[in-house]
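Trainee: Please take me through this model one element at a time. I will ask, and you reason it out.

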Amino acid sequence: MKQLKALFKKEWNTNRFTLLLPVYATLFIYLAVGIAVIVAWSQGVKPTMVMRDVETGTGAKTMGLFIMVFGTTLMTSFISIISAIAIGDNVLNGDARHKCEILHSSQPVPFPLLSGSKFAFMSLGPILVLGAVSLVNSLVISTFFSAVFGAQFGMGLVAWLQTWLQMGLQILLIGSFCWLFGSIFKQRSFLMMGLMIIVMEILILTLNSIFGWHIGSLSGFLLTKVLTIDLGFNDLAITLDYKDQMWDFVTNGWWRIFSWSNLLKLGYSLAFGVAGALIYRERELK
Amino acid sequence: MSETIYRINGLTKHYGKFKALDAVDLKIGKGKIIGLLGKNGAGKSTLMRCMLGFLRHEGNVELYGGKVARRNHRIFENVAFIPDVSGLDDRLTVAQTIDYVRGVNSRWNEERAAQLFALSNLPLKKKVGKLSKGMKTKLYLLITLSLDVNMLLLDEPTLGLDIAFRKEFFNTILGEFFNEERSILISTHQVEEVEDLLQEIIIIDNGRIILHEDVEALKERYRVVSLPSDRSAEILAHSPKVTSKTLGFFSAVLDSRVEIPGASYGRVNLADIFLSVVGGSNETA
């Protein structure tokens with residue numbers, strides 16, 4: 001436990017800035033919104049004015065809250081994905097880049113603990129930061145929507161939890177995929193990952209055209225089967241003013257989260273994680 | 001515990017087609033300070049890295065009778081290593097570095113660390129990247145000396161440091177680390193500075209161990225033979241690998257059994273022995 005704590009602390013000390021990118025971005029947005037509100041207020045504009053002519057029921061306002069929380073969590077999660085990709089490369093290759101690989105490899109730390117702590121930091125770190133930042137956002141938005149428009153406060157938290165879980169899995173999956181390539185390439189792993197996919201795509205196209213084969217597209221497979229995410233955009237098209245349809249929307253959200261396809265994604269993530277760790281173990285120290 | 005710390009048999013390492021180590025056999029006992037000498041690219045660093053399980057290799061490396069597997073963390077419960085470059089993590093502060101090793105290394109001795117760091121003037125809040133090379137080496141040394149290990153591998157640890165610091169470095173190691181249970185293997189450029197410390201030397205050339213002997217016995221086995229320059233042929237008749245001319249005299253390191261009438265004899269130092277064994281320029285790293 002002492003070793004694990006020290007390993008996490010080291011990763012925290014060396015990747016803190018990247019890990020907290022969503023926090024900085026959110027603070028920046030709050031600052032911008034704060035300034036905008038102050039300026040608007042000084043000119044006599046009230047926040048409720050934008051809604052004054054729209055006569056809608058509580059359901060629509062609650063759905064508005066749902067969509068707002070969903071949208072802000074989604075935006076934050078994109079920054080968290082960037083953060084996870086950068087950390088994935090850094091935890092594996094940062095020591096070599098900073099010429100301190102030997103120091104870290106000269107400690108009596110079992111390899112599963114070492115690689116496990118790196119993987120956990122790369123994946124859980126951004127997921128937890130996303131969770132914390134988006135929870136604060138959802139509380140702020142829910143408080144505002146319920147106080148000003150009378151929307152159901154709890155629905156904001158449901159939106160947060162569903163989007164966080166769904167995007168958390170996506171962070172884990174994309175992070176693990178980049179972690180795998182980070183273990184293969186010590187330098188510019190993200191770029192090399194892109195190049196490798198393009199090369200394989202060209203190879204597949206060439207083989208298909210020469211031999212008349214029908215090998216499926218790799219990038220197509222990755223984008224539609226592995227890295228894709230179903231956030232239920234189609235369900236948003238339902239009429240918003242009925243509680244039952246709202247309930248269906250939320251229920252469908254839970255089914256999407258606890259689905260076989262997500263379980264499969266979890267499996268892919270673990271497979272990428274283990275494969276990356278094994279490749280990392282085979283590296284020779286310079 | 002065994003008298004032998006390391007036992008190496010038939011250790012061979014290839015980098016592509018290049019053979020960096022060629023069937024190295026070696027035994028390192030406890031309570032020894034051993035110098036590892038060799039020219040650039042002779043295989044010193046590769047040998048140490050194989051001993052630490054960092055590299056794939058052929059042959060057998062045993063530590064206290066157990067096979068050294070690649071990237072086996074248990075090696076570092078007995079061995080500490082200071083590499084040839086400032087290998088500390090420059091992203092961490094001094095305090096974070098100490099805290100990190102304290103946390104991950106089960107051999108950390110808190111009491112000894114407190115004593116060692118109390119005497120040092122290391123700026124704890126400063127980033128390692130902002131420290132001078134001397135400070136970095138000092139930090140690495142103090143961290144290493146805070147570990148309860150029995151074997152210390154030093155790969156050119158004082159490279160690029162001034163003479164006063166180099167003296168202090170080796171004195172600290174002698175005073176704080178060495179005892180009859182512990183051994184040190186030092187690869188260094190400055191043979192003269194560690195000459196008095198060493199009990200054994202290992203000379204490696206082209207990946208092969210060409211000499212492993214007790215220093216005193218070695219100094220008995222060789223001596224410097226000098227003759228007036230006009231009699232140089234009498235020395236050259238013994239095929240010395242390296243000769244020198246100074247103030248009308250011609251000198252070479254020869255076997256102590258060689259007797260030349262009228263010659264003067266002097267005690268050899270390790271640099272002389274190294275050159276006489278390996279030949280070439282006076283470059284022992």
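**Helix contacts in chain A**

Mentor: In chain A, A:Pro22, A:Val23 and A:Thr26 of H2(A) meet A:Val129, A:Leu130, A:Val133 and A:Asn137 of H5(A). Contact means that C-beta atoms, placed from the backbone, lie within 7 Å. Helices (H or I, at least four residues) and strands (E, at least two) are DSSP runs, numbered from the N terminus. This is a predicted model: local features need pLDDT of at least 70, side-chain atom pairs count only at pLDDT 80 or more, and totals for chains, interfaces and linings use all residues. Residues are numbered from 1 along each chain as its sequence is written, with chains lettered from A and ligands numbered from 1 in the order in which they are written.

Trainee: How do the residues of the contact of H2(A) with H5(A) divide by class?

Mentor: Ala, Val, Leu, Ile, Met, Phe, Trp, Tyr, Cys and Pro count as nonpolar, Asp, Glu, Lys and Arg as charged, and the others, Gly among them, as polar. Two residues of this contact are polar and none is charged. The nonpolar ones number five.

Trainee: Are helix H2 and helix H5 of chain A roughly parallel or roughly antiparallel?

Mentor: Helix H2 (residues 21-42) and helix H5 (residues 111-149) of chain A pack at about 20°, with axes 9 Å apart. Axes are lines fitted to C-alpha atoms, for helices over the stretch in contact, and angles run from 0 to 180 degrees between N-to-C directions. Under 35 degrees counts as roughly parallel, over 145 as roughly antiparallel, 65 to 115 as roughly perpendicular and the rest as oblique. That makes H2(A) and H5(A) roughly parallel.

Trainee: What is the hand of the crossing of H5(A) and H6(A)?

Mentor: H5(A) and helix H6 (residues 153-184) of chain A pack at an angle of about 160°, their axes 9 Å apart. The two are therefore roughly antiparallel. A crossing is left-handed if the near helix is turned anticlockwise from the far one by less than a right angle, and right-handed if clockwise. The crossing of H5(A) and H6(A) is right-handed.

Trainee: How many nonpolar residues has the contact of H5(A) with H6(A)?

Mentor: No charged residues take part in this contact. Polar residues number 10. The nonpolar count is 17.

Trainee: Is A:Tyr24 buried or exposed?

Mentor: A:Tyr24 sits in helix H2 of chain A. Its C-alpha is 9.9 Å from that of A:Val133, 109 residues away in sequence. A residue is buried if 20 or more other C-beta atoms lie within 10 Å of its own, exposed if 12 or fewer, and partly exposed in between; C-beta atoms are placed from the backbone. A:Tyr24 has 12, so the class is exposed.

Trainee: How many of the 23 residues of H7(A) are buried?

Mentor: Helix H7 (residues 189-211) of chain A reaches 32 Å from first C-alpha to last, close to the 33 Å expected at 1.5 Å a residue. The expected span is 1.5 Å times one less than the number of residues. H7(A) lies largely in the open, because its buried residues number just one.

Trainee: Which residue follows H7(A)?

Mentor: Look at the backbone after the helix. Phi is positive there, near 70°. The residue is A:Gly212.

**Chain A as a whole, and its partner**

Trainee: What percentage of the residues of chain A count as buried?

Mentor: Chain A has 10 helices and zero strands. Among its contacts with a separation of 6 or more, 84% join residues 24 or more positions apart. Of its 286 residues, the buried portion is 37%.

Trainee: Which element gives the most to the side of chain A that touches chain B?

Mentor: The contact takes 24 residues from chain A and 27 residues from chain B. On the chain A side, helix H1 (2-19) and helix H4 (101-105) are the elements giving two or more residues. With nine residues, the top contributor is H1(A).

**Loops of chain B**

Trainee: Is B:Gly43 buried or exposed?

Mentor: B:Gly43 lies in the loop between strand E3 (33-37) and helix H1 (44-51) of chain B. Beyond four places in sequence, its contacts include B:Ala20, B:Leu21 and B:Ile204. It has 24 C-beta neighbours inside 10 Å, so B:Gly43 counts as buried.

Trainee: Where is B:Ser239 found?

Mentor: B:Ser239 is not a glycine, yet its phi is positive, about 50°. With 8 C-beta neighbours inside 10 Å, B:Ser239 counts as exposed. Its place is the loop between helix H8 (232-236) and strand E12 (243-246) of chain B.

Methods. Contact = placed C-beta atoms within 7 Å.
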